[in-house]
Amino acid sequence: MTHLAPGMPAPDFTLPDQDGSSVSLADLRGQKVIVYFYPEALTVACKQQACDFRDALPDLGEHGYAVVGISKDPVEKLARARDKDGITFPLLSDESLEVHRAWGTFGEKNSYGRIVEGVRRSTFVLDEEGVITHAFYNTKAKGHLDMLDKRLAFRG
């Protein structure tokens, strides 16, 4: 399984967002980007994580960060999540799991003591050139933004 690390160039992608419009990582060059992978829109933990990012966008933006969320959900489900939760950043659909696999966020994981195959909740921070500065695999939704703030100091 792929495992990305700081100093590596982030694998490029082009995926549809919640409106069906294409979003390419290359289009975000010139700004810092937080790319996070989550298992399933409209679930409690994933909603919490998306809403935490939504609420932190002003602080993140002041420090030059854009946010992109990626899941295996279809575009229509992402649109419902955006509308229901007021998400103001792109939610991207990777139904084929091609991008998940390239970033090492789909594969075996421990789920309540069982080894299963699925999405590994993960977050990556990229610099303006698309190089990974931070890679966090198997993160928890709760407290995630506080952990990122300790590493990136984007609040206050």
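Let's start with Ser96, which sits in the loop between E5 and helix H3, residues 98–103. Keep in mind that we're looking at a predicted model. Is Ser96 buried or exposed? With a relative accessibility of 52%, Ser96 counts as exposed, since the cut-off for that class is over 50%. I'd also like you to hold on to one pair: Ser96 and Arg121 are 25 residues apart in sequence, and their C-alpha atoms are 17 Å apart in space. Arg121 will come back later.

Leu97 belongs to that loop between E5 and H3 as well. Leu97 is buried, at 11% relative accessible area. Have a look at its backbone too: phi of Leu97 is near 65 degrees, a positive value in a residue other than glycine.

Now, on to the sheet. Which strands make it up, and in what order? It is an open sheet of five strands, ordered E5-E4-E3-E8-E9, and the pairing is mixed. At the edges stand E5, residues 91–93, and E9, residues 132–136; each has a single partner strand, so one side of each has no neighbour in the sheet. On average, neighbouring strands here are turned by 20 degrees against each other, ignoring direction.

Let me zoom in on E3, residues 32–37. Why do we call E3 largely enclosed by the rest of the structure? Because five of its six residues are buried. As a quick reminder, strands of a sheet pair through backbone hydrogen bonds, either parallel or antiparallel. On one hand, E3 pairs with E4, residues 65–71, in the parallel sense over six bridges. On the other, E3 and E8, residues 122–126, run antiparallel and are joined by five bridges.

If you'd like a residue to click on, take Tyr36. In E4, Tyr36 stands opposite Gly69, and in E8 its bridge partner is Thr123. Val33, for its part, stands opposite Leu126 in E8.

What about the helices around this sheet? H1, residues 44–62, joins E3 and E4 in a right-handed β-α-β unit. H2, residues 75–85, lies across E4 and E5, and runs at about 165 degrees to E5.

That brings me to the spaces inside the model. How many cavities of 30 Å³ or more are there? The count comes to one, and the volume of this largest cavity is about 70 Å³. Tyr36 turns up again here: the lining includes Tyr36, Tyr38, Cys46, Ala50, Ala81, Asp85 and Leu91. H1 and H2 are the elements that give two or more residues to that lining. Of these, H1 provides the largest share, with three residues.

Then there is the largest pocket, with about 360 Å³ of space. Thirteen residues would be a long list to read out, so here are the ones nearest the pocket's centre: Lys109, Asn110, Arg121, Thr139 and Lys140, out of a lining of 13 residues. And there's Arg121, as promised. Strand E6, residues 106–111, gives the largest share of the pocket lining, namely three residues.

Let me finish on Thr139, one of those residues nearest the pocket's centre. Where is Thr139 found? It is in the loop between E9 and helix H4, residues 144–152. Thr139 is buried, with a relative accessible area of 13%; the limit for that class is under 20%. What does Thr139 touch, once we leave aside its neighbours within four places in sequence? It is in contact with Arg121, Ser122, Thr123 and His144. You'll recognise Thr123 as the bridge partner of Tyr36 in E8.

One last stop is Asn138, which also has its place in the loop between E9 and H4. Asn138 is partly exposed, at 45% relative accessible area. Its phi is near 55 degrees, again a positive value in a residue other than glycine. Thanks, everyone, and I'm happy to go back to any of these residues on the screen.

How values were computed: Residues are numbered from 1 along each chain as its sequence is written. This is a predicted model: local features need pLDDT of at least 70, side-chain atom pairs count only at pLDDT 80 or more; totals for chains, interfaces and linings use all residues. Side-chain values use heavy atoms; hydrogens and water are left out. Buried means under 20% relative accessible area, exposed over 50%, partly exposed in between (1.4 Å probe, protein chains only). Helices (H or I, at least four residues) and strands (E, at least two) are DSSP runs, numbered from the N terminus. Two strands pair if DSSP finds at least two bridges between them. A crossover is right-handed if, with the strands pointing away from the viewer, the path from the first strand over the helix to the second runs clockwise. Axes are lines fitted to C-alpha atoms, for helices over the stretch in contact, and angles run from 0 to 180 degrees between N-to-C directions. Contact means heavy atoms within 4.5 Å. On a 1 Å grid over the protein atoms alone, a cavity is a set of points where a 1.4 Å probe fits but cannot get out, and a pocket is an open set with protein on both sides within 12 Å along at least five of seven lines; lining residues have an atom within 4 Å of a point. Grid points are joined across faces, edges and corners, and a volume is the space filled by probe spheres set on the points.
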